[in-house]
Amino acid sequence: MSITPHDERFMAAAIRLSRWHLGRTATNPSVGCLIVRDGVIVGRAVTALSGRPHAETQALAEAGVLARGATAYVTLEPCSHHGKTPPCSEALIAYGVARVVISVTDPDPRVSGRGIAMLREAGIEVDAGVLEAEGRHSLAAYLTRQTKNRPYVTLKLAVSADGMIGRKGEGQVAITGPEARAQVQALRAETDAILVGIGTAIADDPLLTVRTPGLESQSPIRIVLDPSLALPLTSKLVATAREVSVIVVASEEMSPLSSDAEGLPPSALPGISPTGGEIGKERDPNSPAPDSNLSPSVNVAQGARPDLISPLVGEMPGRAEGGASTADMDSRRAALEAAGVEVVHCNPYHPEVLLPALATRGISSLLVEGGAKTARLFLEAGLVDRIQLYQAPVVIGGGGIESPLDATDIPSGFAHTGTLMFGEDRLDEYERGL
Ligand code: AOF
Ligand code: ZN
């Protein structure tokens, strides 16, 4: 049977449904499933919070006997593996579904075409690739982590009419209005982690949580690039670290492992990469990193390009990078950890090392929120997938901090994918292909 406009309409609805649990299904993708019989939806579901049960089994349970002879619309190929739950393909077969329409095939090596094969072998008609671009879009975080071993990175910038993102020495300056801020809260809620540089963490003292009523529990993990552990204990981030996780990414030189090793750089330690075994480690910083059970980030870390040394060095004027004594560092680390902050050691200036390490921890989507230097770091590394550029009518005037980009100098490779207005503010979105 060929694809009909009805198929596309139901798939569009399944994709919309899938977005309900975006960012709330752990490492599992948020998948939408509709069971349609004679043009009527008799079962619908999205992957459950935390990732299980999968969408299909719930939708089938709702449809019950009505699933026999029906068509299932699924945004991702039904799974074929016996994981924590039995395979969805088996369930679709058992319920007697006649046809399965799929948007995106699953790159998970345990599935990857086998789900479709199982269905076809059982005599079920399968059509894949329906609204594939839209489907891939809704699964961008999952697909990026699966296929690129890193999170999907969104860079959000709010720029004034005169091209500024803030004012020097003034902390948080309101650039966008309440409607745009509410939209950013919604974006945070569907994102696994949010990242800022230490300059922004100190200057703005941001909370980086979701405060929209009803969405408070969806705050992302908060990450600060903080080479020399300068995050003040009095900051809002540290004060709330026990409610919403905070990870501080410090230089490897600041690692207790590094100082234990009598001057050897961490990468020279046998079997221990600059990142592997560090970023995913348990809280005790004095425990030796295991040299077995290293995370997949090891290879990436060892292949790190040293030429990407950072424009971020100097983000903290007057603070000599690595100038603090070991004892000083140890006590700062201990104080941060006592406050509930997790300190990990990974070169904060090498996103191509940090991102795989975050993916290994199950982070599939990352929102880079500031400041200008951190934005440049990710842009220059070519590790931004989507740019959300808010342009506000506000004028900052003298003492402004220049935006790293505006609508006229979006890096090549990005396509303009839409414009929306939030009050007086204009949001332009640019994306690179997945
Ligand atoms: C589906 N429907 O709703 C989702 C699927 O750890 P497990 O056993 O839950 O398996 C995780 C994998 O299942 C994940 O990597 C992806 O391949 C698939 N997710 N599959 O049939 C769903 N969320
Ligand atoms: Zn499944």
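1. Let me start with Ala158, which sits in strand β6, residues 152-159 of this predicted model. Ala158 has 25 other C-beta atoms within 10 Å, so it counts as buried. Setting aside anything within four places in sequence, its contacts are Ile165, Ile175, Thr176, Tyr390 and Ala392. Worth a look on screen too: Asp425 is 267 residues away along the chain, yet the C-alpha atoms of Ala158 and Asp425 are separated by 9.2 Å.

2. Next, Ile387, in strand β13 (residues 386-391). Which residues does Ile387 contact once neighbours within four places in sequence are left aside? They are Leu155, Ile410, Phe414 and Tyr430. Ile387 is also 7.8 Å from Leu157, C-alpha to C-alpha, with the two positions 230 residues apart in sequence. Is Ile387 buried or exposed? It has 25 C-beta neighbours inside 10 Å, and since 20 are enough, Ile387 is classed as buried.

3. Val384 belongs with this pair. It lies in the loop between α14 and β13, but a loop position doesn't leave it open here: Val384 is buried, with 23 other C-beta atoms within 10 Å. Its partner across the sequence is Thr154, 230 residues apart and 6.1 Å away, C-alpha to C-alpha. Beyond the four places on either side, Val384 is in contact with Val153, Leu155, Phe378 and Leu379. Note that Leu155 turns up as a contact of Val384 and as a contact of Ile387.

4. Those long-range pairs fit the wider contact pattern. Taking contacts between residues at least 6 apart in sequence, 73% join residues at least 24 apart. The chain has 14 helices and 16 strands, and 48% of its 434 residues are buried.

5. Now the core. The largest nonpolar core has 105 residues, and the members touching the most others are Cys33, Tyr73, Val74, Val224, Val248 and Val249. Where does this core lie with respect to domain 1 and domain 2? Domain 1 (5-138) and domain 2 (141-431) both contribute residues, so the core lies between them. Tyr73 is a good residue to click on: leaving out residues up to four places away, it touches Phe10, Met11, Ala14, Cys33, Leu34, Val36 and Val101. As background, nonpolar side chains tend to be buried together in soluble globular proteins.

6. Helix α13 (residues 351-360) deserves its own point. 9 of its 10 residues are buried, so the helix is largely enclosed by the rest of the structure. The buried ones are Pro351, Val353, Leu354, Leu355, Pro356, Ala357, Leu358, Ala359 and Thr360. After α13 comes Gly362, with a positive phi near 95°.

7. Ligand 1 has 19 residues around it, and the closest are Val31, His54, Cys79, Gly83 and Asp108. How many residues of that shell are nonpolar, polar and charged? The split is 8 nonpolar, 6 polar and 5 charged.

8. Two cis peptide bonds to check. One runs from Arg52 to Pro53, with omega near -5°; Pro53 is in the loop between β2 (40-46) and α2 (55-63). The other runs from Gly370 to Gly371, also with omega near -5°. Gly371 lies in the loop between β12 (365-370) and α14 (372-380).

9. A couple of non-glycine residues have positive phi. Ser50, at about 75°, shares the β2 to α2 loop with Pro53. Leu208, with phi near 65°, is placed in the loop between α8 (198-204) and β9 (221-225). Their surroundings contrast: Ser50 is exposed, with 10 other C-beta atoms within 10 Å, whereas Leu208 counts as buried, with 26 C-beta neighbours inside 10 Å.

10. Last, confidence. The average pLDDT for the chain is 85, and 83% of the residues score at least 70. The stretch to treat separately is residues 259-322, where pLDDT is below 50; this stretch still has 111 contacts in the model beyond near neighbours in sequence.

Methods: Residues numbered from 1 in each chain as written. Chains lettered and ligands numbered in written order. Predicted model: local features only at pLDDT ≥ 70, side-chain atom pairs only at ≥ 80, totals over all residues. pLDDT = per-residue confidence, 0-100. Contact = placed C-beta atoms within 7 Å. Core = buried A, V, L, I, M, F, W, Y, C linked by C-beta atoms within 7 Å. Buried ≥ 20, exposed ≤ 12 C-beta atoms within 10 Å, placed from the backbone. Domains from an automatic or database assignment. Near = placed C-beta within 6 Å. Nonpolar A, V, L, I, M, F, W, Y, C, P; charged D, E, K, R; others polar. Helix = DSSP H or I, 4+ residues; strand = E, 2+ residues; numbered from the N terminus.
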